[in-house]
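The exercises below concern the sequence and structure shown here. Each task is followed by a solution that proceeds step by step.

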Amino acid sequence: MSSIRLASQHLLWKNHLGFLLHPTVALDVQPETFQVAEIGTRTGLWLLDMAKRLPNIQIDGFAIDTSSVPPPQWLPPNVTIRRVESYTTDLAPNGQSTYDVIRISNLGASIEDNDPGSVVKNAMAMLKPGGYIEWDELDTAHYSVVKPNPTHSASRLKALLKHVHEHDQILGARGWIDSLPDILARYGLQVQAGQHRYRLPFAYANVENDNCFKEFEELSYRLVDQEDGKKLRQLMAAAKEDCDQLGQMITADLVIVVGRKVY
């Protein structure tokens, strides 16, 4: 189920944004030496899209969980995906200062102690001087309820989200998102135009709701307390009625922060 949700999420945002890398990432591609990495590969779809756009450069993905990525024999010759134990240890296969662009994507629960600094420090060591780090993260610490009719109640959706946030330790607390520009700057990156926030338009409500409810359902079956999981699914069923009948939408902003290594 998670593979379908993650693939849908990728395609939805790619269609809405119209880019794979933020426009503040200025690419000067030299095929002989240019290399791109993704820390936090989930389905591999971003890597495959990049490989179509830049077929003559090396593109490497790093994933703690490789259950949703294609098998190696299905990948283009310029793409590799490696399973790793942590994103805080050296990942570059050929030593440090290997990559021109590193995309960090939706690490969420992989961040220890609510501090992504060790991931940024490790990525910095992998980055060439003049290279870019782009961090993309869904701000699920601040889910929003969007109502086409402001007079309608959203109490059932809000009750669902309140219960979901009681389990942020499983979903991955993301209280650090608003501090990402400062965190990147702390490790010597020149932040490009601060924090960029994007929200899906209401036209995508049905698909976005499906993705959110699938994630919440997955969460409900991961809870140790089975009664708590059952309660979460009951709240979901009630909230889904309001989504279907009143056209309400649950969504989370996509936050993008870009930094450049200037030395």
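Helices and strands are DSSP runs, a helix having at least four residues and a strand at least two, and they are numbered from the N terminus. The model is predicted.

**Exercise 1. Locating two loop residues**

Task: State where Ser 179 lies, and decide whether Ser 179 is buried, partly exposed or exposed.

Solution. Step 1: Ser 179 belongs to the loop between H5 and H6. Step 2: the partly exposed class runs between the limits of 20% and 50% relative accessible area. Ser 179 has 33% relative accessibility and therefore counts as partly exposed. Step 3: the C-alpha atoms of Ser 179 and His 16 are 25 Å apart in space, and the two residues are 163 residues apart in sequence.

Task: Repeat the analysis for Gly 247 and list the residues that Gly 247 touches.

Solution. Step 1: the loop between helix H8 (226–246) and E8 contains Gly 247. Step 2: a relative accessible area of 23% makes Gly 247 partly exposed. Step 3: when residues up to four places away in sequence are not counted, Gly 247 touches Pro 148, Phe 202 and Asp 242. Step 4: Tyr 132 is 115 residues from Gly 247 along the chain, and their C-alpha atoms are separated by 40 Å.

**Exercise 2. Packing of two helices**

Task: Determine how H1 and H2 are oriented to each other, and which residues meet.

Solution. Step 1: helix H1 comprises residues 2–17 and helix H2 residues 45–53; they pack at an angle of about 45 degrees, and their axes are 10 Å apart. Step 2: an angle under 35 degrees would count as roughly parallel, and one of 65 to 115 as roughly perpendicular. H1 and H2 are therefore oblique to each other. Step 3: H1 contributes Ala 7, His 10 and Lys 14, which meet Leu 45, Trp 46 and Asp 49 of H2. Step 4: by type, the contact of H1 with H2 consists of three nonpolar residues, one polar residue and two charged residues.

**Exercise 3. The two sides of a helix**

Task: Explain why the buried residues of H4 line one face of the helix.

Solution. Step 1: helix H4 spans residues 155–165, and its buried residues are Leu 157, Leu 160, Leu 161, His 163 and Val 164. Step 2: viewed down the axis of H4, these buried residues fall within an arc of 160 degrees, so they line one face of the helix. Step 3: an α-helix has 3.6 residues a turn, so residues three or four places apart point the same way. Step 4: Lys 158 and Lys 162 are exposed, on the face of H4 turned away from its buried side.

**Exercise 4. A network of salt bridges**

Task: Trace the salt bridges of Arg 197, starting from Asp 178.

Solution. Step 1: Asp 178 and Arg 197 form a salt bridge through their side chains, at 3.0 Å from N to O. This pair links distant parts of the chain, 19 residues apart: Asp 178 is in the loop between helix H5 (168–171) and helix H6 (180–186), and Arg 197 is in strand E7 (residues 189–198). Step 2: Asp 178 counts as partly exposed because its relative accessibility is 49%. Arg 197, at 35%, likewise counts as partly exposed. Step 3: Arg 197 also forms a salt bridge with Asp 253, with 3.2 Å between the closest N and O atoms. Asp 253 lies in the loop between strand E8 (249–251) and strand E9 (254–261), so its pairing with Arg 197 ties together parts that are 56 residues apart in sequence. Step 4: Asp 253 is buried, because its relative accessible area is 12%. Step 5: the network of salt bridges links Asp 139, Asp 178, Arg 197, Arg 199 and Asp 253.

Task: How many salt bridges are counted, and are Glu 85 and Arg 83 buried or exposed?

Solution. Step 1: the count comes to 14 salt bridges. Step 2: Glu 85 and Arg 83 meet in a salt bridge of their side chains at 2.8 Å, N to O. Step 3: both Glu 85 and Arg 83 are exposed.

**Exercise 5. Positive phi angles**

Task: Describe the settings of Asn 106 and Ala 193.

Solution. Step 1: Asn 106 is not a glycine, yet has a positive phi of about 45 degrees. Asn 106 is placed in the loop between strand E4 (99–105) and helix H3 (117–126), and counts as buried at 14% relative accessibility. Step 2: Ala 193, also not a glycine, has a positive phi of about 65 degrees. Ala 193 is placed in strand E7 and, at 60% relative accessibility, counts as exposed.

Notes. Residues are numbered from 1 along each chain as its sequence is written. This is a predicted model: local features need pLDDT of at least 70, side-chain atom pairs count only at pLDDT 80 or more; totals for chains, interfaces and linings use all residues. Side-chain values use heavy atoms; hydrogens and water are left out. Axes are lines fitted to C-alpha atoms, for helices over the stretch in contact, and angles run from 0 to 180 degrees between N-to-C directions. Angles under 35 degrees count as roughly parallel, over 145 as roughly antiparallel, 65 to 115 as roughly perpendicular and the rest as oblique. Contact means heavy atoms within 4.5 Å. Ala, Val, Leu, Ile, Met, Phe, Trp, Tyr, Cys and Pro count as nonpolar, Asp, Glu, Lys and Arg as charged, and the others, Gly among them, as polar. Buried means under 20% relative accessible area, exposed over 50%, partly exposed in between (1.4 Å probe, protein chains only). The arc is that of the directions from the helix axis to the C-beta atoms. A salt bridge is a side-chain nitrogen of Lys or Arg within 4 Å of a carboxyl oxygen of Asp or Glu.
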